[in-house]
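Biologist: Please take a close look at a single part of this structure, and explain it with care for someone who is new to it.

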Amino acid sequence: MSVSETIGSLLRRPIMPDDWRIFLQRRLREAAGALVLLAAFAIFLSLASYDAGDPSLNLATDRAPHNLLGHGGATLADLLLQSVGLAAFMLVLVPGVWGWQILRHRPGGLWWVRLLLLPIVVLLLALALAAIDPGANWFLPVGFGGFAGDFLLPRIAGLVGVGDAAVALLAALLWLGLGYMALGISLRSYVQGWRGLQRNAERASTGIGGLVQRFRQRLEPAEVAAEWRAERAREERRERLEPQLAGDDAEDAEDALPRAPIAIARAGAPERGARARVEAPKARPKQGRRAAASGQQTLDLADAEYSLPPLELLQKPQSSPASQRISEDALEQNARLLESVLQDFGVRGQIVKVRPGPVVTLYELEPAPGTKTSRVVGLADDIARSMSALSVRVAVVPGRSVIGIELPNQSREMVV
């Protein structure tokens with residue numbers, strides 16, 4: 001191989017690998033798109049912060065410019081607004097769309113045609129705006145279409161032989177068509193953009209709804225419940241019924257058992273069919289004959305016989321049949337009240353069983369799916385305050401899928 005062929009092969013060999021070259025090309029296009037976007041944003045800032053009193057080519061003054069881009073921005077904004085009026089904002093919209101397309105690697109074809117259409121689109125819009133009366137409050141000596149619109153509109157109307165309004169309407173129609181071509185956005189892109197906007201709106205609404213729901217769930221239950229109970233207390237005030245005694249001794253036992261008042265939330269009159277969840281208290285077991293006969297009476301000692309004291313010396317527990325007959329209506333109403341208190345704190349569930357005892361009453365709560373046990377256990381003090389109880393014990397019932405809530409009885413029996 002000759003020297004010339006070797007040099008030619010070296011020159012034809014790529015300097016860098018293809019993947020590196022493609023990577024650099026993409027980054028350069030993104031940088032170009034960012035620069036076009038930046039230029040469009042700079043023009044927008046200069047036009048949006050325009051002040052007719054700023055120093056420019058048409059006004060010489062010593063005061064500092066109020067334009068956000070300084071002297072250069074004030075001069076550029078005055079030149080554009082004086083020339084084409086409000087049509088200068090097309091120099092923001094069209095290049096902004098171009099920059100976004102380049103940044104997203106979706107450039108339209110025939111870019112040089114779009115570049116040539118840009119000044120034509122600006123002039124057409126200036127012609128359409130020149131037909132609108134700016135009024136006395138307009139801050140420029142020219143109309144909405146600038147000097148170009150005021151100069152071209154009457155001359156084109158006189159040349160064609162129609163009114164200014166007809167020329168402005170024709171210019172507006174041409175501006176819509178050529179402006180669509182200058183943007184380089186296809187009809188399919190408009191349709192896809194509209195569908196994407198709808199999908200994003202649906203996702204945003206769903207996301208906002210989920211955030212609102214999470215926010216409500218994460219609110220402090222004590223604050224929500226306290227506010228709700230304060231409003232409810234202003235409307236009505238009821239009393240929580242403690243377990244009462246039924247039967248012949250109900251009146252005497254009711255006088256001996258004081259009841260503490262408490263506000264009731266959504267606790268109506270108990271239904272007869274709902275008493276199935278209230279379990280009757282267990283009766284005290286009686287001593288059988290075999291147990292009584294097998295009781296030890298004497299102690300066989302080696303030297304002497306010792307007789308144990310008779311059992312009659314011990315005081316027998318007083319049997320109170322009336323204490324075993326607890327009002328099921330009161331237990332059912334307390335169960336409903338407990339359900340409403342738990343709902344106030346954001347805990348959904350149902351009291352499936354009520355087990356009254358001599359000292360405490362156990363309410364078995366079956367929580368809704370997804371309810372954390374730690375959350376219910378942590379509400380023990382709040383439940384006690386809402387139920388006007390001295391204390392409340394909340395724990396999981398071993399071997400079952402329920403949470404036990406123990407409330408102390410207003411009248412406690414002696415356990416012997």
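Modeller: Ala 87 is in contact (heavy atoms within 4.5 Å) with Val 122, Leu 125, Ala 126, Leu 129 and Phe 144, when residues up to four places away in sequence are not counted. This is a predicted model, in which local features need pLDDT of at least 70 and side-chain atom pairs count only at pLDDT 80 or more, whereas totals for chains, interfaces and linings use all residues. Residues are numbered from 1 along each chain as its sequence is written, and side-chain values use heavy atoms, with hydrogens and water left out.

Ala 87 also belongs to the largest nonpolar core, which has 28 residues; such a core is a set of buried Ala, Val, Leu, Ile, Met, Phe, Trp, Tyr and Cys residues joined through side-chain atoms within 4.5 Å, where buried means under 20% relative accessible area with a 1.4 Å probe, protein chains only. Together with Ala 87, the members that touch the most others are Leu 47, Val 84, Met 90, Val 94, Val 122 and Leu 140. Two or more residues each are given to this core by helix H2 (18-48), helix H3 (70-84), helix H4 (90-103), helix H5 (111-130) and helix H7 (164-183), the helices being DSSP runs (H or I, at least four residues) numbered from the N terminus. Among these elements, H5 supplies the largest share, with 7 residues.

Separate from this core is a second one of 25 residues, which includes Val 354, Leu 365, Leu 379 and Ala 389.

Beyond the cores, an open sheet of 4 strands has the order S3-S4-S6-S5 with antiparallel pairing, two strands being paired if DSSP finds at least two bridges between them and a strand being a DSSP run (E) of at least two residues. Strand S3 (349-356) and strand S5 (393-396) each have a single partner strand, so one side of each is left without a neighbour in the sheet.

Conventions. Buried means under 20% relative accessible area, exposed over 50%, partly exposed in between (1.4 Å probe, protein chains only).
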